[in-house]
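Please read the following report alongside the sequence and the coordinates. It deals with helix geometry first and with internal and open spaces afterwards.

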Amino acid sequence: MLNKKVEDALNKQIVIEAFSSQLYLAMASWCEIKGYAGSADFLYKQTEEERIHMLKLFKYINDRAGHAIVPELYKPPQDFTSIVELFEEVLKHEQMVSDSINKQLEVAMTEKDYTTANFLQWYVNEQIEEEATARHILDIIKLIGKDNPGGYYLIDKELEKIAAAKTVTTLNAVTTNPPAA
Ligand code: FEO
């Protein structure tokens with residue numbers, strides 16, 4: 001059974017993952033209306049992925065006899081100055097998510113809840129990938145050069161390829177039978 005401190009920590013992470021899904025949905029929508037179809041594809045997949053991250057926490061908390069709480073919706077920014085600024089925001093956001101995971105992991109370790117610490121390790125690894133993808137996109141943007149004529153078009157074409165290669169995780173794929181509480 002989860003102790004209250006660990007349960008609260010995991011519920012805090014639910015808020016972060018839910019907001020991530022909201023943020024990427026707003027970003028996808030902005031890209032779509034600005035004509036960045038490749039970037040929109042990538043961000044629509046990302047918004048789904050974040051929801052799965054949130055649901056994985058729901059299943060874990062409830063399986064360990066806690067109560068996963070549906071968070072209130074926070075309205076994310078709706079406008080971005082450029083595709084470059086948008087992806088800089090993605091990286092900053094993912095770094096914040098990594099910090100948050102580390103904080104929740106610290107709570108689990110302090111409370112000697114090694115089962116939860118083990119569960120959170122999945123998120124630690126996921127964050128390595130999430131940050132690396134954001135950095136990779138920013139590297140592509142730098143290589144193409146946003147001031148190149150047609151630069152934004154080429155950047156978006158690269159995002160289209162990244163989106164096509166991205167498979168969205170399913171809840172089943174990320175939910176393993178938890179050990180008995
Ligand atoms: Fe679930 Fe991108 O953090």
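The text below describes helices, their packing, and then the cavity and pocket of this model.

The model is a predicted one, and the values given here are computed from its atoms.

**Individual helices**

Helix H2, which runs over residues 37-63, has 27 residues and reaches 39 Å from its first C-alpha to its last, close to the 39 Å expected at 1.5 Å a residue. Just after H2 comes Ala65, whose phi is positive at about 70°. For helix H3, residues 83-110, the end C-alpha atoms lie 41 Å apart, and because its 28 residues should span 40 Å at 1.5 Å a residue, the two values agree. H3 too is followed by a residue with positive phi, in this case Lys112, with a value near 55°.

**Helix packing**

The table collects the three helix pairs for which an axis angle, an axis distance and a handedness are described.

| Pair | Axis angle | Axis distance | Crossing |
|---|---|---|---|
| H1 and H2 | roughly 165° | within 8 Å | left-handed |
| H1 and H4 | roughly 15° | within 12 Å | left-handed |
| H4 and H5 | about 150° | 10 Å | right-handed |

Helix H1 covers residues 4-34, and its axis crosses that of H2 at roughly 165°; since angles over 145 degrees count as roughly antiparallel, H1 and H2 are therefore roughly antiparallel to each other. The contact of H1 with H2 comprises 16 nonpolar, nine polar and five charged residues.

How are H1 and H4 oriented, parallel or antiparallel? Their axes cross at roughly 15°, which makes H1 roughly parallel to H4. Helix H5, residues 151-165, packs against H4 at an angle of about 150°, and H4 and H5 are therefore roughly antiparallel to each other. H4 passes H5 in a right-handed crossing, whereas H1 passes H4 in a left-handed one.

**Cavity and pocket**

How many cavities of 30 Å³ or more does the model contain? The count comes to one, and about 40 Å³ of space lies in the largest cavity. Its lining is made up of Val15, Ala18, Phe19 and Gln22, together with Pro71, Glu72, Leu73 and Tyr74. By class, the lining of the largest cavity divides into six nonpolar residues, one polar and one charged; the polar residue is Gln22 and the charged one is Glu72.

The second largest pocket holds about 190 Å³ of space. Three elements give two or more residues each to the lining of this pocket, namely H2, H3 and helix H4, which runs over residues 114-144. Which of the elements gives the most to the lining of the second largest pocket? H4 does, with five residues. In total 14 residues line the second largest pocket, and those lying nearest its centre are Gln46, Glu129, Glu130, Thr133 and Lys166. The lining of the second largest pocket divides into five nonpolar, three polar and six charged residues, whereas that of the largest cavity has six nonpolar residues, one polar and one charged.

Terms used. Residues are numbered from 1 along each chain as its sequence is written. This is a predicted model: local features need pLDDT of at least 70, side-chain atom pairs count only at pLDDT 80 or more; totals for chains, interfaces and linings use all residues. Side-chain values use heavy atoms; hydrogens and water are left out. On a 1 Å grid over the protein atoms alone, a cavity is a set of points where a 1.4 Å probe fits but cannot get out, and a pocket is an open set with protein on both sides within 12 Å along at least five of seven lines; lining residues have an atom within 4 Å of a point. Grid points are joined across faces, edges and corners, and a volume is the space filled by probe spheres set on the points. Helices (H or I, at least four residues) and strands (E, at least two) are DSSP runs, numbered from the N terminus. The expected span of a helix is 1.5 Å times one less than its number of residues. Axes are lines fitted to C-alpha atoms, for helices over the stretch in contact, and angles run from 0 to 180 degrees between N-to-C directions. Angles under 35 degrees count as roughly parallel, over 145 as roughly antiparallel, 65 to 115 as roughly perpendicular and the rest as oblique. A crossing is left-handed if the near helix is turned anticlockwise from the far one by less than a right angle, and right-handed if clockwise.
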